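User: I am new to this structure and would like a close look at a single part. Please take the helix that holds part of a charged surface patch, then follow its links and the other contacts outward.

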Amino acid sequence: MALPDLSIRRPVATAMAFLAIVMLGIIAFTRLPVDLLPDVAFPTLTVWTQYPEAGPAEVERFITEPIERAVSRVPGVKSVSSVSREGASQVQLQFLWGTDMDFATLNVRERLDNVRYDLPERAERPTILRSDPTSEPVMTLAATSETTESENVFKRRLEQIDGVAQAAVAGGLEREIHVKVDPGRLEALGVTIDEVSVALDAANYSAPGGTIRRGRYRYSLRALGEFQVVDEIGETVVGRSTGGTQVLLRDVAQVEDGFADRETIARYSGRESVGLLLYKESGTNTVRVAESVEDILQQLRAEYPEVELAVATSQAGFISDAISNVVQALAFGAVLAFLVLFLFLHDARYPVAISL
């Protein structure tokens, strides 16, 4: 039996089949993952190693060259390039297309573990970075608040959103306690800078204190010896003078509650702000994540009216515009196809049947 005859004889079954196809299309369209870039893994690995207080020549000789010799023998490596700068080494590995990057990462890590003890003691452990175009933040927020409030309040609230993998804080002032030692006072009292450093480390320390048992429960104890206020730091005993008296830190140094040296500055609309970079989980819908973030921002604005929270950049806007353009193109194409069929057939019934 031909398909047209079957469709005419079974109109209800035919209608149900088309309705099922339409429903399947609607469900697939609503659940379709939406993202700015496709899930593409570039065959590139970067080995990043820090070697503090070392010049580029020392970094190249003691860090870059041993790492290059170790990783150049990894299967699938196409080319190796490196950059040695003050205090850091960057070795980039280019693999052949089609290489399994998970196994390539394991091979590189094994090679680096073998050469780890050949590197200088002050060098940090090499870090492997993968090139991922989807690792860029999907949203960037600007907050006119302190760095501490952004990290303790806004960052935690945003990371609780379903689909947000991480919220990073950039810019702002980071609190730091400065101990400015007077060399003249140290020499006069017979105390060395090493004694001051050891005394501060020993005084600002917390350790386990054992356990106690009460009934069926066992409670862990902890001895809290960390500084609670800045004034306590100045009362730390750092040594004894030549006369045998105790020397306090405030006798040889000045303790200040200040800020760390700034490495990044975030500005929004010409004003200094704290930036919040939001990274989404793999496979989640960028537009839905952005909508959830907007809902949380409305709650935070109501709870903290003195803080201005603004969206600096968002991939969701570009994605929404692109999808809207695609839908408009599909609609215009359908209308134009109907008009062309109507002009050729001069009867509205046949174009309507074909369009359906």
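Analyst: A helix here is a DSSP run of H or I with at least four residues, numbered from the N terminus. Glu151 sits in such a run, helix α5, which covers residues 147-159. Keep in mind that the model is predicted.

Start with the charge. Glu151 belongs to a patch of negative charge on the surface. Its partners there are Glu174, Glu176, Asp261 and Glu263. Glu151 has a relative accessibility of 39%, so it counts as partly exposed, the class between 20% and 50%.

Now take another residue of the helix. Phe154 also lies in α5, and its partner Tyr304 lies in the loop between α10 (286-303) and β15 (309-314), so their pairing ties together parts that are 150 residues apart in sequence. What describes such a pair? A pair of aromatic rings is described by the distance of the centres and the angle of the planes. The count of aromatic pairs comes to one. In that pair, the ring centres of Phe154 and Tyr304 are 5.5 Å apart and the planes stand at 90 degrees, so the arrangement is edge-to-face. The cut-off for that label is an angle over 60 degrees.

Are the two rings' residues buried or exposed? Phe154 is buried, because its relative accessible area is 0%. Tyr304 is partly exposed, at 21%.

Next, the salt bridges. The whole structure holds 12 of them. One joins the side chains of Asp113 and Arg109, with N to O at 3.9 Å. Both residues lie in helix α4 (residues 101-115). They are four residues apart, about one turn of the helix. Asp113 is partly exposed, with 33% relative accessibility. The link does not stand alone: Arg109, Asp113 and Arg125 form a network of salt bridges.

Another salt bridge joins Arg250 and Glu235, whose closest N and O atoms are 3.1 Å apart. Arg250 lies in helix α9 (residues 249-252), while Glu235 lies in the loop between α8 (231-234) and β10 (237-240), so this pair ties together parts that are 15 residues apart in sequence. Arg250 has a relative accessible area of 48% and is partly exposed. Glu235 is partly exposed too, at 44%. Arg250 also forms a salt bridge with Asp251, with the closest N and O atoms 3.9 Å apart. Asp251 is partly exposed, at 27% relative accessibility.

Finish with the loops. Ser282 is placed in the loop between β14 (271-280) and α10. At 76% relative accessibility, Ser282 counts as exposed. Its C-alpha atom is 8.4 Å from that of Ala165, although the two residues are 117 apart along the chain.

Ser269 sits in the loop between β13 (266-268) and β14. Its phi is near 55 degrees, a positive value in a residue other than glycine. Ser269 is exposed, at 63% relative accessibility. His346 has a phi near 55 degrees, again positive in a residue other than glycine. His346 lies in the loop between α11 (315-345) and α12 (349-355). Its relative accessible area is 67%, so His346 is exposed.

Back to the starting helix. On α5, Glu151 is partly exposed and takes part in the negative patch. Phe154 is buried and pairs edge-to-face with Tyr304.

Note on methods:
Residues are numbered from 1 along each chain as its sequence is written. This is a predicted model: local features need pLDDT of at least 70, side-chain atom pairs count only at pLDDT 80 or more; totals for chains, interfaces and linings use all residues. Side-chain values use heavy atoms; hydrogens and water are left out. Patches are made of residues with over 30% relative accessible area and no salt bridge: like charges are joined within 9 Å, nonpolar side chains (Val, Leu, Ile, Met, Phe, Trp, Tyr) within 5 Å. Accessible areas come from the Shrake-Rupley method with a 1.4 Å probe; for residues, only the protein chains shown count as cover. A salt bridge is a side-chain nitrogen of Lys or Arg within 4 Å of a carboxyl oxygen of Asp or Glu. Lys and Arg count as positive and Asp and Glu as negative; His and the chain ends are not counted. The place of a charge is taken as NZ of Lys, CZ of Arg, CG of Asp or CD of Glu. Helices (H or I, at least four residues) and strands (E, at least two) are DSSP runs, numbered from the N terminus. Buried means under 20% relative accessible area, exposed over 50%, partly exposed in between (1.4 Å probe, protein chains only). Rings of Phe, Tyr and Trp (its six-membered ring) pair if their centres lie within 6.5 Å; planes under 30 degrees apart count as stacked, over 60 as edge-to-face and the rest as tilted.
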